[in-house]
Amino acid sequence: MYQEEIFSNVITDAKKGGFDSLKEEIKGMEAALERFFTKIFDTSSSLAERDYNVTSL
């Protein structure tokens with residue numbers, strides 16, 4: 001009984017650790033994509049403002 005509880009706790013901790021690391025990795029990818037899209041859209045809107053003398057929304 002005691003060994004089963006220890007084994008269950010170890011499995012639960014391993015799953016939680018894996019899930020936490022996965023969440024951190026996803027947050028990092030999300031931040032990188034956000035920076036990438038921000039640069040793309042800022043650049044294209046800046047070019048449109050300059051070339052066609054329009055304001056961005």
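Phe 37 is partly exposed in this predicted model, with a relative accessible area of 40%. The residue lies in helix H1. Its C-alpha atom is 29 Å from that of Gly 18, and the two residues are 19 apart in sequence. Ile 40 is likewise placed in helix H1, which covers residues 2-52. The relative accessible area of Ile 40 is 35%, and this residue is therefore classed as partly exposed, since that class runs between the limits of 20% for buried and 50% for exposed.

Phe 37 and Ile 40 both belong to a nonpolar surface patch, in which they are joined by Leu 33, Phe 36 and Phe 41. Together, the five residues of the patch have about 500 Å² of accessible area. Membership of a patch requires over 30% relative accessible area; the values computed for Phe 37 and Ile 40 are 40% and 35%.

Helix H1 contains 51 residues, and at 1.5 Å a residue it should span 75 Å. The C-alpha atoms at its ends are 74 Å apart, so the computed distance agrees with the expected one. Just after H1, Asn 53 adopts a positive phi of about 55°.

The protein chain as a whole has one helix and zero strands. Its radius of gyration is 23 Å, whereas the globule rule gives 10 Å for 57 residues; the chain is therefore more spread out than a compact globule. Along the principal axes, the C-alpha atoms fill a box of roughly 75 × 15 × 5 Å.

Buried residues account for 0% of the 57 residues in the chain; a residue counts as buried when its relative accessible area is under 20%. The accessible area of the protein chain is about 5600 Å², of which carbon and sulfur atoms supply 61%.

How values were computed: Residues are numbered from 1 along each chain as its sequence is written. This is a predicted model: local features need pLDDT of at least 70, side-chain atom pairs count only at pLDDT 80 or more; totals for chains, interfaces and linings use all residues. Side-chain values use heavy atoms; hydrogens and water are left out. Patches are made of residues with over 30% relative accessible area and no salt bridge: like charges are joined within 9 Å, nonpolar side chains (Val, Leu, Ile, Met, Phe, Trp, Tyr) within 5 Å. Accessible areas come from the Shrake-Rupley method with a 1.4 Å probe; for residues, only the protein chains shown count as cover. A salt bridge is a side-chain nitrogen of Lys or Arg within 4 Å of a carboxyl oxygen of Asp or Glu. Helices (H or I, at least four residues) and strands (E, at least two) are DSSP runs, numbered from the N terminus. Buried means under 20% relative accessible area, exposed over 50%, partly exposed in between (1.4 Å probe, protein chains only). The expected span of a helix is 1.5 Å times one less than its number of residues. The radius of gyration is taken over C-alpha atoms; the globule rule is 2.2 Å times the number of residues to the power 0.38.
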